[in-house]
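Open the structure in your viewer and keep the selection tool ready. This tour goes stop by stop, and each stop says what to pick and what is there.

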Amino acid sequence: MTVDFNAIPLSQLSIGSSCRIGEIGLNGLLRRRIQDLGITPGTTVECLRRGPSGDPTAYVVRGTTIALRKEDAYQINVFPI
Amino acid sequence: MSITTEKDFLQELNKEAETIRLSYVTKLGDRIIADIYKNAEQISKNVILNDTNKKNWTLKLDNYLTSKIFGYPFMLLVLGIILWITISGANLPSDMLATALFSLQEILSRGFLDLGAPAWLHGILVFGVFHSVAWVVSVMLPPMAIFFPLFTLLEDLGYLPRVAFNLDNLFKKAKTCGKQSLTMCMGFGCNAAGVVACRIIDSPRERLIAVLTNNFVPCNGRFPILIAIGTIFGVGALTGQLQALAVAGIITGVILIGVFVTFAVSWILSRSILKGEASSMVLELPPYRRPKIASVVYRSIIDRTIFVLKRAVSVAAPAGAIIWIVANTYIGEISILNHLAGWLNPFAQAIGMDGYILLAFILGLPANEIVFPILIMSYISSGTMIELESLAELRLLFIDHGWTWLTAVNVMLFTLLHWPCGTTLLTTHKETGSKKWTLAAFIIPTTVAFTVCFILTQTVRLLGLG
C-alpha cells in the first residue's frame, strides 16, 4: 500500500475547497451511515460551510448536503484537490 | 469442565469469530458499496438533469439562515412571529366560540330544568362535562388551527434541519445529539409526539436524555395557560396588536427558559446518571422546497389539530364530571375539593401559589389542557356560576383569590417545568420499556419545577418585592 503524504483529515479541509475521500477510519453504525450517504473512497466532497458556532460542518456529497461533527470528520482521510 | 468455564470459552470463541467476520465483512462490504455507487452514478449521469437554479437558492438562503450573525437571531424571530400570528389570530375566533358555546350551555341548562332533571345530573352534565369541553374547545381549537399549519409549513420548507445544524454545537457541549432540537420542535405540538420522535436519535443514551427533557418544551395543551396568564398579568394595559406582540414576547421568553433548562438538565444527566461521551451525528440538510399548501393544511388540521383536540376533549369530558362531583360533594361544611386544596395550601404557598392551583395541576395530570378549567371551576364553585367570557373577568377572579404578579410568574414557570401529562408518561413507558425511566421522567421535571418556584418565591419575599 502506498502512503500518501498529502492526506489530511476531512475536518481540516477549508471552506470552499474540495477533496477526494481516502480511507474511512470509522467503525460500526456510523461507518454504515456515512457509506449509505455516498461517502465512499474516491468520492469528491466539497466543504460548504460551518455552523454558526464553528461546528458542525456541512459538506456537499453527490449533490446532497450533509453535516458532520468535527470529531467524526477527523476520522475520514481525504486528499485535497 | 464446569459450566461457567465452558460458557466463557464459548463466549471467547464467539468474540474471535465475530472479529474475523467483521474484518472481512468490512472489506467485502466496502467493495459492494463502491460497486453499487459506481452503477448508480452511471445511471444518474444519464437520466438526471441538474437544476442549478434551485441549488443556488438554497445556498443563498443558507448563507443567511445558518450564518454566524443571523443564524440565531433568525431562529428567535421565526419563533416570535409564529407565536405572534397565533396569539393575535386566535383572539377573535376564541371569543366567538366561547360566546356561542356558553349560550348553548344556557339553552342546555334550561332544557334540563324544563325536563325536571335532578340537580346533580344537571350539574354533572352541564356544569361539569359541557363546561369543561366548551372551555377546552374554545381555548384550544383556534390557536392550534393556526399554530400547527404554520409549523408544518416550516417543516415543509426544510427549515427544521437548519435549526438542528445551528444548535448542534450547544447540544454537543451538553454531550447530547443535535437532533434533540428536532424532537423539541415536535414537543411544541405535543410532548407525547416529541417523545416518540426521539427514535431519530441513534445513541440510546442521548435518546433517553432527549426523552427525559422533552417536557421542558411547552406543548399545545400548555400554551393557552401561558397565553392567558401572559395577557392578564403581563400586558394588561396594552391593547390590540401591541398587546399580542407583547404577549408573544413574554411567551418567547418563557420558551427560552424552557430551552435553557433543557440544556442544563441534559448537561447534568450526561455527567451523572446517564454518563457518557457525545457520540456521532450525521445530519442531512435537504434543499429548501416550495411547500405544498394543500398537504400542509391537510396534515396539520387532520393529523394534528383534530388528533390533539379529540384527545383533549375525551379527557376533559370525564374529568369535568369528576371535578364537578369533587367540588359539590360535602364532607361536613366543606366540599372535598376545598378539603384537598386546604391540605395542599401550605406546600403551594411555599412555592408562591395556592392550594387550588396546585390541586388543579395535580388533577390535570391526564391532560394539561384541563388545568385551567379545573382552576376556574374550583375558584367559582363556592359562589354561583358566572360566565367567564372575557379575560378581564378572569383577571378579577384571580385577583379576588389573592393573585399577585409573583403568583402569575410562578404559575407560568410551574406550567413550563412541571411533570409531563399522563399520555406523555405512558408514551415514555412504551418507548423506554422501563418503569425506572418513566419514574425519572416524572421526578426530574417535578423537582425542577418545585425548586425553581421555591427559590424564586423565597428570594422575592426575602427582598420584600412580592
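The stops below go from the sheet to the interface and end in chain B. Keep in mind that this is a predicted model.

**Stop 1: the whole sheet**

Show both chains as cartoon. Find the open sheet of 7 strands, with antiparallel pairing. Trace its order: β1(A)-β6(A)-β2(A)-β3(A)-β4(A)-β5(A)-β1(B). Which strands are at the edges? They are β1 (8-9) of chain A and β1 of chain B, each pairing on one side only. In general, strands of a sheet pair through backbone hydrogen bonds.

**Stop 2: β2 of chain A**

Select residues 18-24 of chain A, which make up strand β2. Turn to one partner, strand β6 (residues 76-80) of chain A: the two run antiparallel, with 4 bridges. Pick A:Cys19, then its bridge partner in β6(A), A:Pro80. Now look at the pairing of β2(A) with β3(A). It is antiparallel too, over 3 bridges. Here A:Arg20 stands opposite A:Thr44 of β3(A).

**Stop 3: the hairpin**

Stay on β3(A) and add β4(A). These antiparallel strands are joined by 5 bridges. Label two pairs across them. A:Cys47 faces A:Tyr59 of β4(A) as its opposite residue, and A:Arg49 stands opposite A:Ala58 of β4(A). Together, β3(A) and β4(A) form a hairpin, with 6 residues between the strands. Which residue in the turn has a positive phi? Select A:Gly54, where phi is about 95°.

**Stop 4: where the sheet crosses chains**

Select β5(A) and residues 282-285 of chain B, strand β1 of that chain. The two strands pair in the antiparallel sense, and 4 bridges link them. Zoom in on A:Leu68. Its bridge partner in β1(B) is B:Val282.

**Stop 5: the interface as a whole**

Colour the contact residues on each side. Chain A has 31 residues in contact with 31 residues of chain B. About 2,600 Å² is buried between the two chains, and carbon and sulfur atoms give 52% of that area. Which residues of chain A lose the most area to chain B? Pick A:Arg49, A:Pro52 and A:Arg69; together they account for 31% of what that side buries. You have met A:Arg49 already, opposite A:Ala58 in the hairpin.

**Stop 6: polar links and their surroundings**

Show side chains across the interface. There are 4 salt bridges between chain A and chain B. One of them to display joins A:Asp55 and B:Lys172, at 2.4 Å from N to O. Between the chains, 17 residue pairs are in polar contact, both residues being at pLDDT 80 or more. Next, highlight the elements of chain A that give two or more residues to this side: α1 (28-36), β3 (44-50), β4 (57-61), β5 (64-68) and α2 (70-73). Which gives the most? Helix α1(A) does, with 7 residues. Colour this side by residue class: 11 residues are nonpolar, 9 polar and 11 charged.

**Stop 7: chain B by domain**

Finish by colouring chain B in two parts. Its domain assignment gives domain 1 as 3-48 and domain 2 as 65-462. Taken over C-alpha atoms, the centres of these two domains of chain B are 48 Å apart.

Technical notes. Residues are numbered from 1 along each chain as its sequence is written. Chains are lettered from A and ligands numbered from 1 in the order in which they are written. This is a predicted model: local features need pLDDT of at least 70, side-chain atom pairs count only at pLDDT 80 or more; totals for chains, interfaces and linings use all residues. Side-chain values use heavy atoms; hydrogens and water are left out. Contact means heavy atoms within 4.5 Å. Buried area is the accessible area (1.4 Å probe) that two parts lose on being put together, summed over both. A salt bridge is a side-chain nitrogen of Lys or Arg within 4 Å of a carboxyl oxygen of Asp or Glu. A polar contact is a pair of N or O atoms within 3.5 Å; within protein, one must be able to donate a hydrogen and the other to accept it, and residues adjacent in sequence count only if both atoms are side-chain atoms. Ala, Val, Leu, Ile, Met, Phe, Trp, Tyr, Cys and Pro count as nonpolar, Asp, Glu, Lys and Arg as charged, and the others, Gly among them, as polar. Two strands pair if DSSP finds at least two bridges between them. Domain bounds come from an automatic or database domain assignment.
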